[in-house]
Amino acid sequence: MATKRDYYEVLGVDKSASADELKKAYRKKALEFHPDKNKASDAETKFKEVNEAYEVLSDTQKKQQYDQFGHAAFDPSSGFGGFGGGARTGKTGPFTYTYTTSGNPFSGFGQGDFSDPFDIFESFFGGASPFRRGPQKPHYSIKISFMEAVEGVERTIVHQGKSHSVKIPPGADNGTRIRFNDFDVSVDVLPHDVFKRDGYDVFVDYDLPLITAVLGGTVEIPSLEGKDIRIKIRPGTQPGSMLRLRSKGVPHLQGSGKGDEYVRLVVKVPDNLNRDEKELYKKLQEVASS
């Protein structure tokens, strides 16, 4: 994942900037990099960067977290955004993975979610882009499945009686906009039963049998490619440990490469034990306490 610039640097302010100073800085930068005005190849990337910085620094709680932990406060792949602790890297077959033991100062996934930058901009300027003349372009929203967003898909939009083919590229996410001369299209991605997404990374909970956590073994982890990945579990794996499967996430929307897949190991404690199973656990308890 590319290193993010400091949010204060992005807006050109210092940490003591007031709310009014943040607004003025945001207005200046957002107008400078808005894609409707700035035709540079990296304008939209910088525009999103400016909006992300403003969304964090203009929110008291988010600003406090950012000042304390930096970008890690909103990144589940760090030690703060959903898991933490020690890490151990390994390799099985062609796949590289990393164990990360649990430690959860922020709970759950999705700490890195940000709003649509164009919505922030239009809200800031009263609901419309200051660069457009005349009526605002029509806007259409397309619902696609999680896997269609990962793999790319083609949809048809009927505008002014004409059918237009809209190609949604692999890696699209909620809020991704596709701009045409006469209209804009935004993408609405439906949730998945197994995978959760944050940026180009995906997360999945895997129920690990207690005996496998204790003794180790081999398990099959679901992947976006539709084929399970065989992974070795080391003996003594703790509940909440994380596996990182490099480059097994979502394709980058622009450029090459993929995000990573993170697997949280949820150790399943057996219930409804039969008599023999209870006796085995009692013997284990006796051995452990002796």
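Arg177 counts as buried in this predicted model, at 17% relative accessibility. That figure falls under the 20% cut-off, so the arginine goes into the buried class. Its place is in strand S6, which spans residues 177-179. If you skip residues up to four places away in sequence, Arg177 touches Asp116, Phe118, Asp119, Glu122, His139, Val185 and Ser186. Then there's Ser141: 36 residues from Arg177 in sequence, and 9.2 Å from Arg177 in space, going C-alpha to C-alpha.

Two of those Arg177 contacts, Phe118 and Glu122, take us straight to helix H5.

**Around helix H5**

Which residues of H5 are buried? They are Pro117, Phe118, Ile120, Phe121 and Glu122. And what do the buried residues of H5 pack against? The answer is H2, H3 and strand S6, the strand that also holds Arg177.

Take H3 to begin with. Helix H3 covers residues 43-57 and H5 covers residues 117-124; their axes come within 9 Å and cross at roughly 65 degrees. That makes H3 and H5 roughly perpendicular to each other, and their crossing is left-handed. On the H3 side, the contact uses Glu44, Phe47, Lys48, Asn51, Tyr54 and Glu55, while H5 brings Pro117, Phe118, Ile120, Phe121 and Phe124. Sorted by class, the residues of this H3 and H5 contact come out as seven nonpolar, one polar and three charged.

Now H2, which runs over residues 19-33 and packs on H5 with the axes 12 Å apart, at an angle of about 120 degrees. H2 and H5 are therefore oblique to each other. This crossing, too, is left-handed. H2 puts in Lys23, Tyr26, Arg27, Ala30 and Leu31, and they meet Ile120, Phe121 and Phe124 of H5. The tally for the contact of H2 with H5 is six nonpolar, no polar and two charged residues.

Ile120, Phe121 and Phe124 of H5 turn up in the contact with H3 and again in the contact with H2.

**H3 meets H4**

H3 has another partner in helix H4, with axes that come within 6 Å and cross at roughly 105 degrees. So H3 and H4 are roughly perpendicular to each other. Glu55, Val56 and Leu57 of H3 sit against Lys62, Lys63 and Tyr66 of H4. By class, that gives three nonpolar, no polar and three charged residues in the contact of H3 with H4. Glu55 is worth a second look, since it is listed in the H3 contact with H5 and in the H3 contact with H4.

Here are the three helix pairs side by side.

| Helix pair | Axes | Angle | Residues in contact, by class |
|---|---|---|---|
| H3 and H5 | within 9 Å | roughly 65 degrees | seven nonpolar, one polar, three charged |
| H2 and H5 | 12 Å apart | about 120 degrees | six nonpolar, no polar, two charged |
| H3 and H4 | within 6 Å | roughly 105 degrees | three nonpolar, no polar, three charged |

Is Lys63 buried or exposed? Lys63, found in helix H4, is buried, with a relative accessible area of 18%. Setting aside neighbours within four places in sequence, Lys63 is in contact with Tyr8, Lys15, Val56 and Leu57. Val56 and Leu57 belong to the H3 side of the contact with H4, and Tyr8 leads on to the aromatic rings.

**Aromatic pairs**

How many aromatic pairs does the structure hold? There are seven. In one of them, Tyr8 and Tyr66 have ring centres 6.1 Å apart and planes at 45 degrees, so the pair is tilted. This pair links distant parts of the chain: Tyr8 is in helix H1 (residues 7-11) and Tyr66 is in helix H4 (residues 60-69), 58 residues apart. Tyr8 is buried at 3% relative accessibility, and Tyr66 is buried as well, with a relative accessible area of 5%. Add Tyr7 to Tyr8 and Tyr66 and you have one aromatic cluster.

Phe180 and Phe183 form a stacked pair, at 4.8 Å centre to centre with 20 degrees between the planes. What about their burial? Phe180 counts as partly exposed at 26% relative accessibility, whereas Phe183 is buried at 1%.

Note on methods
Residues are numbered from 1 along each chain as its sequence is written. This is a predicted model: local features need pLDDT of at least 70, side-chain atom pairs count only at pLDDT 80 or more; totals for chains, interfaces and linings use all residues. Side-chain values use heavy atoms; hydrogens and water are left out. Rings of Phe, Tyr and Trp (its six-membered ring) pair if their centres lie within 6.5 Å; planes under 30 degrees apart count as stacked, over 60 as edge-to-face and the rest as tilted. Helices (H or I, at least four residues) and strands (E, at least two) are DSSP runs, numbered from the N terminus. Buried means under 20% relative accessible area, exposed over 50%, partly exposed in between (1.4 Å probe, protein chains only). Axes are lines fitted to C-alpha atoms, for helices over the stretch in contact, and angles run from 0 to 180 degrees between N-to-C directions. Angles under 35 degrees count as roughly parallel, over 145 as roughly antiparallel, 65 to 115 as roughly perpendicular and the rest as oblique. A crossing is left-handed if the near helix is turned anticlockwise from the far one by less than a right angle, and right-handed if clockwise. Contact means heavy atoms within 4.5 Å. Ala, Val, Leu, Ile, Met, Phe, Trp, Tyr, Cys and Pro count as nonpolar, Asp, Glu, Lys and Arg as charged, and the others, Gly among them, as polar.
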